[in-house]
2 protein chains.
Amino acid sequence: MASLDTVFAALSDPTRRAILQMLLEDDMAVTDVAEPFEMSLAAISKHLTVLTSAGLISQEKRGRVKWCKLEPDALRDASIWMQSFGQFEAVNLDAFEAFLAKELPEENA
Amino acid sequence: MASLDTVFAALSDPTRRAILQMLLEDDMAVTDVAEPFEMSLAAISKHLTVLTSAGLISQEKRGRVKWCKLEPDALRDASIWMQSFGQFEAVNLDAFEAFLAKELPEENA
DNA sequence: CCCATGTTTAACCTATTGGTTGAAAGTTGG
DNA sequence: CCAACTTTCAACCAATAGGTTAAACATGGG
């Protein structure tokens with residue numbers, strides 16, 4: 001599992017965040033990911049490697065084409081980490097459980 | 001207002017995240033922030049500058065001592081950005097527990 | 001079998017990052 | 001005033017990041 005280090009580092013680049021936004025719509029081939037950006041395909045390829053290392057996307061080769069797919073699970077740790085600051089005064093598991101029990105009664109995913 | 005770039009970049013370093021964790025407890029002087037780390041005070045001073053630029057902390061000088069204060073609001077933009085990925089609006093409790101066990105092994109506040 | 005297409009690799013460049021040490025600057029107590 | 005304390009600055013260094021171009025690799029179609 002990718003570390004918070006790599007996930008946050010991957011998210012710190014605007015090109016990579018834009019790529020993630022695009023992949024939110026649908027899976028895409030590398031060439032199509034690169035198309036809207038004013039940089040070389042090689043640069044985009046590197047960005048995709050970074051995103052893959054962070055676990056934020058996965059890449060599957062079918063034929064000549066490598067498809068990129070969003071993997072939102074990797075964002076979960078980062079999101080949780082932030083919420084421990086943004087929404088809770090301290091990291092208090094009991095309070096968090098109480099909050100969840102009240103707020104998300106059927107959540108079990 | 002700090003950009004997502006700077007906020008995520010600031011969060012990508014484990015020393016800086018540890019500092020934020022410490023400041024969650026209480027405001028601290030620079031020297032006290034540095035104490036648990038095995039690096040120079042100057043290095044910590046730089047980390048604090050990065051965190052300040054990202055808006056994640058603020059620093060106020062009182063006498064000789066510069067006090068560091070957590071500014072959790074700065075995480076809001078990043079949090080909002082993440083929530084645009086609808087998949088994890090709802091925090092998974094199991095994931096949260098596993099995350100806490102891994103990230104904060106000895107803290108059970 | 002060729003050739004075009006899709007993607008990565010290699011080599012390179014520059015800027016930035018994260019660390020060091022040592023000196024400097026501001027502040028306060030005795 | 002002076003010495004001690006707190007913090008930053010300056011110069012430096014090695015490693016990494018993000019980009020380039022050109023070549024190489026991989027695959028599918030005619």
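Me: Ala, Val, Leu, Ile, Met, Phe, Trp, Tyr, Cys and Pro count as nonpolar, Asp, Glu, Lys and Arg as charged, and the others, Gly among them, as polar. How do the residues of the surface near DNA strand C divide into these classes?

Reply: This is a predicted model. In it, the surface near DNA strand C has eight nonpolar, six polar and eight charged residues. For the surface near DNA strand D the division is eight nonpolar, six polar and eight charged.

Me: Which residues come nearest to DNA strand C?

Reply: There are 22 residues around DNA strand C, and A:Thr31, A:Ser45, B:Lys46, B:His47 and B:Gly63 come nearest. A residue is counted as near the strand because one of its heavy atoms lies within 4 Å.

Me: What makes the pair of B:Lys46 and DNA strand C a polar contact?

Reply: A polar side-chain atom of B:Lys46 is 2.4 Å from a base oxygen of the strand. The limit for a pair of N or O atoms is 3.5 Å, so the pair qualifies. A:Arg64 also has a polar side-chain atom by a base oxygen of DNA strand C, at 3.4 Å. At A:Val30, a polar backbone atom is 3.3 Å from a phosphate oxygen of that strand. The elements giving two or more residues to this surface are α3 (30-34), α4 (41-53) and β3 (65-70) of chain A, together with α4 (41-53) of chain B.

Me: What part of the contact with DNA strand C belongs to sugar or phosphate?

Reply: Of the strand C atoms within 4 Å of the protein, 66% are sugar or phosphate atoms, and the rest are in bases. For DNA strand D the sugar or phosphate share is 67%.

Me: Which residues are the closest to DNA strand D?

Reply: Of the 22 residues that surround DNA strand D, the closest are A:Lys46, A:His47, A:Gly63, B:Thr31 and B:Ser45. A polar side-chain atom of A:Lys46 lies 2.4 Å from a base oxygen of this strand, and one of A:Arg64 lies 3.3 Å from a base oxygen. The side chain of B:Lys66 has an N or O atom 2.8 Å from a phosphate oxygen of DNA strand D. Two or more residues each come from α4 of chain A and from α3 (30-34), α4 and β3 (65-70) of chain B.

Me: Why is the pair of A:Asp73 and A:Arg76 called a salt bridge?

Reply: Their side chains meet at 2.9 Å, N to O. The rule asks for a side-chain nitrogen of Lys or Arg within 4 Å of a carboxyl oxygen of Asp or Glu, so this pair counts. A:Asp73 and A:Arg76 lie three residues apart in helix α5 (residues 73-86) of chain A, about one turn of the helix.

Me: Is A:Arg76 buried or exposed?

Reply: A:Arg76 has 17% relative accessibility, and the limit for buried is under 20%, so the residue counts as buried. A:Asp73 is at 51%; exposed means over 50%, so A:Asp73 counts as exposed.

Me: How do you know that B:Glu71 and B:Lys69 form a salt bridge?

Reply: The closest N and O atoms of B:Glu71 and B:Lys69 are 3.7 Å apart, and the limit is 4 Å, so the pair counts. B:Glu71, at 26%, is partly exposed, and B:Lys69, at 38%, is partly exposed. B:Arg62 and B:Glu60 form another salt bridge, at 3.1 Å. Over all chains the count is seven salt bridges.

How values were computed: Residues numbered from 1 in each chain as written. Chains lettered and ligands numbered in written order. Predicted model: local features only at pLDDT ≥ 70, side-chain atom pairs only at ≥ 80, totals over all residues. Heavy atoms only, no water. Polar contact = N/O pair within 3.5 Å; in protein donor to acceptor, adjacent residues only side chain to side chain. Helix = DSSP H or I, 4+ residues; strand = E, 2+ residues; numbered from the N terminus. Buried < 20%, exposed > 50% of the residue type's maximum accessible area, 1.4 Å probe, protein only.
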